[in-house]
Amino acid sequence: MGKDNTADSTSLLSRNVEIDGEIQGPENLHIDGHIKGSIKLAGDIFVGNTGVVEADLEAKSIVIQGEVAGNVMAHKQLEIHPSGKLIGDCTAASIDIKEGAIFEGRSKMIRPAGLSTGSSASAKFSTPQSPKQQQS
Amino acid sequence: MALFGKKEKEKFAKKEKEKFVKKEKENKVQRRETGSSQKETTYFGRNLKIKGRVSGNGNIIILGGLEGEFNLKGRLKIAQPANIKGEVKADVISVDGNVKGSLVAQKRIHLDQTARIEGKIDTPSLSIAEGAHFDGEITMSGRSPHALRPADVDAAPSFQNTTKSTPK
């Protein structure tokens, strides 16, 4: 309730709750419970210590402190903490794997999403032609 | 006699204190293990769309969309912008939002002013606020047997009818 900005609200899945299915939307999600299926969010995903995810994840930034089994796609950054475990392939613009973390799978780097403004990296990589910006 | 009583009292107090300390310790250990989960309520924001099954123990507040099934041991609040399609089961359900499907509660259901329900309700105890929309049928199961006597059910409406017609 404290946040007026609806696009930036964070949903919470607590420890004893389980979801079996598909989750999507422009939200951030904090997972301390159990998810099976797939998650596709425009916001960030945070998998807490007690979180167990058996799903493909797609989000802007993803932080893993719990367990994830599935393919992970982070348009911005993937972070695996010492307590974190990722079994599956990851695709990310930037990865940060801390000492002690477990990661089994392939890793593929992508360019940061062109939509993100203010990032110098995206400005460097963005293609020069911009037909939409031409003014009559 | 008086001395004995005092001693007994002291003993009792000591025991209570020990019990209390032990409980506190247990609580602390539990808190450490579960993190801050004691006050945690699962919260699904208004932008979140879920397709599938949500189950577990605890309290849930949903503001977003769900297509599928809720199976919860605890309280469920379906808040205003929420849109639920499917079957909802919980101990206590409170509705401010929209539901198409069935609501089944072990304890009670409350429909608030802004609630819009299309479907079935099954609960031992129900309250509906003025302004709520409800299209469907209600089953009140799990009541004590005398509350379900058909004679009472028949008598109640006829009594109401007579009282309504007399003033005219």
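**Reading contacts, interface and salt bridges in a two-chain model**

User: Among contacts in chain B between residues at least 6 apart in sequence, what share joins residues at least 24 apart?

Analyst: The share is 2%: of the contacts in chain B between residues at least 6 apart in sequence, that is the part joining residues at least 24 apart. This is a predicted model, and the values below are computed from it.

User: How many helices and strands are there in chain B, and in what order do the elements run from the N terminus on?

Analyst: Chain B has two helices and 10 strands. Read from the N terminus on, the order is α-β-β-β-β-β-β-β-β-β-β-α. The strands thus form one run in the order of elements, with a helix before it and a helix after it.

User: What part of chain B is buried, and how is its accessible surface made up?

Analyst: A residue counts as buried under 20% relative accessible area. By that rule, 28% of the 168 residues in chain B are buried. The accessible surface of chain B is about 11,500 Å², and carbon and sulfur atoms account for 52% of that area.

User: What does pLDDT say about chain A, and where does it stay under 50?

Analyst: Where pLDDT is low, the predicted coordinates should not be read in detail. In chain A the mean pLDDT is 83, with 77% of residues at 70 or more. Residues 1–7 of chain A stay under 50, and the model gives that stretch eight contacts beyond four places in sequence. Residues 116–136 of chain A also stay under 50, with six contacts beyond four places in sequence.

User: How many residues of chain A and chain B are in contact, and how much area do the chains bury between them?

Analyst: On the chain A side 24 residues are in contact with 21 residues of chain B. The two chains bury about 1,900 Å² between them, and 52% of this area is on carbon and sulfur atoms. Two elements of chain A give two or more residues to the side that touches chain B: β1 (10–13) and β2 (17–25). Of the elements of chain A, β2(A) gives the most to that side, with nine residues.

User: How many salt bridges and how many residue pairs in polar contact does the rule find across the interface?

Analyst: The rule finds zero salt bridges across the interface of chain A and chain B. For polar contact it finds 11 residue pairs across that interface, with both residues at pLDDT 80 or more.

User: Take S55(B). Is this residue buried or exposed, and what does it touch?

Analyst: S55(B) lies in strand β2 (residues 49–57) of chain B. Its relative accessibility is 13%, so S55(B) counts as buried. Beyond four places in sequence, S55(B) touches N16(A), V17(A) and E18(A) from chain A, and N71(B) from chain B.

User: How many salt bridges does the structure hold over all chains?

Analyst: There are six over all chains. One of the salt bridges joins the side chains of D89(A) and R106(A), at 3.1 Å from N to O. D89(A) is in the loop between β9 (85–87) and β10 (90–97) of chain A, and R106(A) is in the loop between β11 (102–104) and β12 (107–109), so the pair ties together parts 17 residues apart in sequence. D89(A) is partly exposed at 24% relative accessible area, while R106(A) is exposed at 61%.

User: Which parts of chain B does the pair R53(B) and E69(B) tie together?

Analyst: R53(B) and E69(B) form a salt bridge, with the closest N and O atoms 3.4 Å apart. R53(B) is in strand β2 and E69(B) is in strand β4 (residues 65–73) of chain B, so this pair ties together parts 16 residues apart in sequence. Both partners are partly exposed: R53(B) has a relative accessible area of 37% and E69(B) one of 25%.

User: With which residue does E87(B) form a salt bridge?

Analyst: The partner is K89(B), with 3.7 Å between the closest N and O atoms. E87(B) is partly exposed at 33% relative accessible area, and K89(B) is also partly exposed, at 33%. Elsewhere, salt bridges that share partners join E79(A), D96(A) and K98(A) into one network.

User: Where is the place of Q65(A), and why does it count as buried?

Analyst: Q65(A) is in the loop between β6 (52–64) and β7 (67–69) of chain A. Its relative accessible area is 18%, so Q65(A) counts as buried. Leaving aside neighbours within four places in sequence, Q65(A) is in contact with F46(A), V47(A), G48(A), N49(A), H81(A), S83(A) and G84(A).

Methods
Residues are numbered from 1 along each chain as its sequence is written. Chains are lettered from A and ligands numbered from 1 in the order in which they are written. Side-chain values use heavy atoms; hydrogens and water are left out. pLDDT is the predictor's confidence in each residue, from 0 to 100. Contact means heavy atoms within 4.5 Å. Helices (H or I, at least four residues) and strands (E, at least two) are DSSP runs, numbered from the N terminus. Buried means under 20% relative accessible area, exposed over 50%, partly exposed in between (1.4 Å probe, protein chains only). Accessible areas come from the Shrake-Rupley method with a 1.4 Å probe; for residues, only the protein chains shown count as cover. Buried area is the accessible area (1.4 Å probe) that two parts lose on being put together, summed over both. A salt bridge is a side-chain nitrogen of Lys or Arg within 4 Å of a carboxyl oxygen of Asp or Glu. A polar contact is a pair of N or O atoms within 3.5 Å; within protein, one must be able to donate a hydrogen and the other to accept it, and residues adjacent in sequence count only if both atoms are side-chain atoms.
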